[in-house]
Amino acid sequence: MTVRSDGLVVRPARDDELPDCSDVWRAGLDGYGPRVGRPPLISSPGPILALLGHLRRTDPGRFLVAVRPEPDGSERVVAFASASRREDVWFLGMLFVHPDEQARGLGRELLEAVLPVDRATAALATCTDAAQPISSALYARYGIVPRVPVLELVGRPGPGRPASLPDGVRAVPFELLAAGPADGPAGRHLAAAIGSLDRATLGYAHPEDHVYLAETGRLGHLYEARGGRVVGYGYVSPVGRIGPVAVEDEALLPGVLGHLLGAVEPAGAFSAWVPGAAGAAVTALLDAGLRLEDFPALLCWDRPFADFSRYLPITLAIL
């Protein structure tokens with residue numbers, strides 16, 4: 001715990017403070033969104049609370065809040081930061097300061113508090129908003145420099161427009177492979193295949209995040225070539241959120257995305273975050289009828305760790 005000269009206290013977050021962190025997140029986005037032409041954020045609190053809960057469960061020591069003591073003895077959350085460590089990659093998922101508390105060095109202090117001690121051996125990375133140059137400059141001071149745009153594609157595919165899987169490649173739902181015990185042959189095959197693809201594309205395995213995907217209802221598919229060789233995996237949620245997707249060869253991305261677009265029928269639009277390096281995915285989704293939405297995000301890092309031509313992330317807060 002750290003007590004600042006202005007009375008703010010920086011300490012690990014408690015589970016009951018996650019709704020307050022959600023409020024700070026919303027206030028932070030709405031604090032600058034209208035200035036760049038974005039409408040106020042309208043969304044259910046459920047998804048962000050689930051995400052915050054997952055981040056705190058997997059990395060409790062890297063989820064910090066800044067609180068302001070109140071006269072009645074209570075504390076008010078005014079800022080928070082959350083980072084995750086997966087093998088040799090440290091990723092800053094969220095750093096938000098309430099607009100009333102900005103321009104006081106609080107964001108920099110929270111960032112330094114969650115940075116890894118072994119910076120020489122860990123790759124440092126984050127995603128930031130292209131409409132937030134102040135944040136991008138802060139991270140760049142620590143070597144976490146913007147490298148690749150991440151485009152948001154949104155919409156519904158036109159009839160017959162999505163690409164098909166290549167001949168000889170089939171999709172196998174995770175639920176079929178996971179029907180038996182997790183430590184059974186099918187369960188071990190699924191876990192090994194996912195871990196191998198993640199290391200080959202993202203640079204690290206992150207089984208805890210795949211558990212989160214299952215818990216939040218995303219539907220996974222394993223893609224197998226002839227002979228059962230695994231060549232990719234992909235997820236789509238019932239509400240149309242696509243990702244993560246990992247493939248052995250980027251040429252598979254159009255077919256995999258086409259399959260995912262046909263795997264569910266959301267009430268609204270599909271959406272996906274796609275790194276600019278994954279040009280095959282961007283083109284395939286545009287050809288299918290989706291459109292580019294809003295400002296891009298920026299993938300930032302201090303050293304290369306992943307092949308983003310073959311990997312689409314979960315969200316901007318967890319790759």
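**Close-up 1. Cys 300 and Cys 127, two cysteines without a disulfide.** In this predicted model, Cys 300 sits at 0% relative accessibility, so it counts as buried. Cys 127 is buried too, with a relative accessible area of 13%. How many disulfides turn up here? The count is 0. Look at Cys 127 and you'll find that the nearest cysteine sulfur belongs to Cys 300, 6.9 Å away. Go the other way, from Cys 300, and the nearest cysteine sulfur is that of Cys 127. A disulfide would need the two sulfur atoms within 2.5 Å, and Cys 300 is in no disulfide.

**Close-up 2. Asp 198, a buried acid in helix 6.** Asp 198 belongs to helix 6, which covers residues 185–201. This residue is buried yet has no salt bridge. Which side chain of opposite charge is nearest to Asp 198? That would be Arg 199, 8.1 Å away. What the Asp 198 side chain does have is a polar contact with the side chain of Tyr 233, at 2.5 Å. Leaving aside residues up to four places away in sequence, Asp 198 also touches a set of neighbours that includes Gly 203, Tyr 204, His 206 and Tyr 311. His 210 is another of its contacts, and that histidine brings us to the next view.

**Close-up 3. Helix 7 and its two sides.** Helix 7 runs over residues 207–215, and His 210 is buried in it, along with Asp 209, Tyr 212 and Leu 213. Sighting down the helix axis, the buried residues fall within an arc of 155°, so they line one face of helix 7. Which residues are exposed on the other side? Pro 207, Ala 214 and Glu 215 are. After the helix comes Gly 217, with a positive phi near 90°.

**Close-up 4. Glu 87 and Asp 294, two positive phi values outside glycine.** Most residues other than glycine have a negative phi. Glu 87 isn't a glycine, but its phi is positive, about 55°. You'll find Glu 87 in the loop between strand 4 (75–86) and strand 5 (89–97), and at 36% relative accessibility it counts as partly exposed. Asp 294 also has a positive phi, about 65°. This one is in strand 13, residues 291–301, and is partly exposed at 47% relative accessibility.

**Close-up 5. The cis peptide bond at Pro 244.** Most peptide bonds are trans. Where does a cis one show up? Gly 243 and Pro 244 are joined by a cis peptide bond, with omega about 5°. Pro 244 lies in strand 11, residues 241–247.

Terms used:
Residues are numbered from 1 along each chain as its sequence is written. This is a predicted model: local features need pLDDT of at least 70, side-chain atom pairs count only at pLDDT 80 or more; totals for chains, interfaces and linings use all residues. Side-chain values use heavy atoms; hydrogens and water are left out. Buried means under 20% relative accessible area, exposed over 50%, partly exposed in between (1.4 Å probe, protein chains only). Helices (H or I, at least four residues) and strands (E, at least two) are DSSP runs, numbered from the N terminus. The arc is that of the directions from the helix axis to the C-beta atoms. Lys and Arg count as positive and Asp and Glu as negative; His and the chain ends are not counted. A salt bridge is a side-chain nitrogen of Lys or Arg within 4 Å of a carboxyl oxygen of Asp or Glu. A polar contact is a pair of N or O atoms within 3.5 Å; within protein, one must be able to donate a hydrogen and the other to accept it, and residues adjacent in sequence count only if both atoms are side-chain atoms. Contact means heavy atoms within 4.5 Å.
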